[in-house]
Amino acid sequence: MKAYWHKCLLCLLLLTPLAATANAEPTVIVIKASKFLFQPAKIELKKGQTVILEFTSSDRLHGFSLPDFALQADIEPGKTTRISFTPDKAGTFVFRCSVFCGDGHEDMAGEIVVKDS
Ligand SMILES: [Cu+2]
């Protein structure tokens, strides 16, 4: 009988971390856009791991464009824009503002570094 309870306990211990992983919400990466930068400008992700990219703008309309993953979004001031993103390849990928926002617009960019998990 004692052995039986030991087995039960063992099963519980083994299954608990699995259940926790299955229910885990994707990590939210908060990105702030303003003239003429993204903060943070460098984002590190893991291949195959889903994250939510959450954008806000503190001044005017900006855009987010990540052509290597065909991702595109408008970032409107006063609004929160969320995109679910699961990088399926490793590497360094440049994202840019895709809405002309003034004299520094051309330099408004950042990079996403995806590491093999
Ligand atoms: Cu811009």
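How many of the 5 residues of strand 5 are buried? The count is 4, so the strand is mostly covered (buried means 20 or more other C-beta atoms within 10 Å of a residue's own, with C-beta atoms placed from the backbone). Keep in mind that this is a predicted model: local features need pLDDT of at least 70, side-chain atom pairs count only at pLDDT 80 or more, and totals for chains, interfaces and linings use all residues. Residues are numbered from 1 along each chain as its sequence is written.

**Confidence**
- The chain's mean pLDDT (the predictor's confidence in each residue, from 0 to 100) is 89, and 80% of the residues reach 70 or more.
- Over residues 8–13, pLDDT stays under 50, and the model has 0 contacts there beyond four places in sequence (a contact is two C-beta atoms, placed from the backbone, within 7 Å).
- Where pLDDT is low, don't read the predicted coordinates in detail.

**Strand 5 and its partner**
- Strand 5 pairs with strand 6 (residues 71–75) in the antiparallel sense, over 5 bridges (pairing takes at least two DSSP bridges; strands are DSSP E runs of at least two residues, numbered from the N terminus).
- Gly-63 sits opposite Asp-74 in strand 6.
- The hairpin has 4 residues between the two strands, and Ala-70 takes a positive phi near 50 degrees.

**Around Asp-88**
- Asp-88 is in the loop between strand 7 (81–85) and strand 8 (91–96).
- Asp-88 is exposed (12 or fewer C-beta atoms by the same 10 Å count), because it has 9.
- Setting aside neighbours within four places in sequence, Asp-88 contacts Lys-47 and Gly-48.
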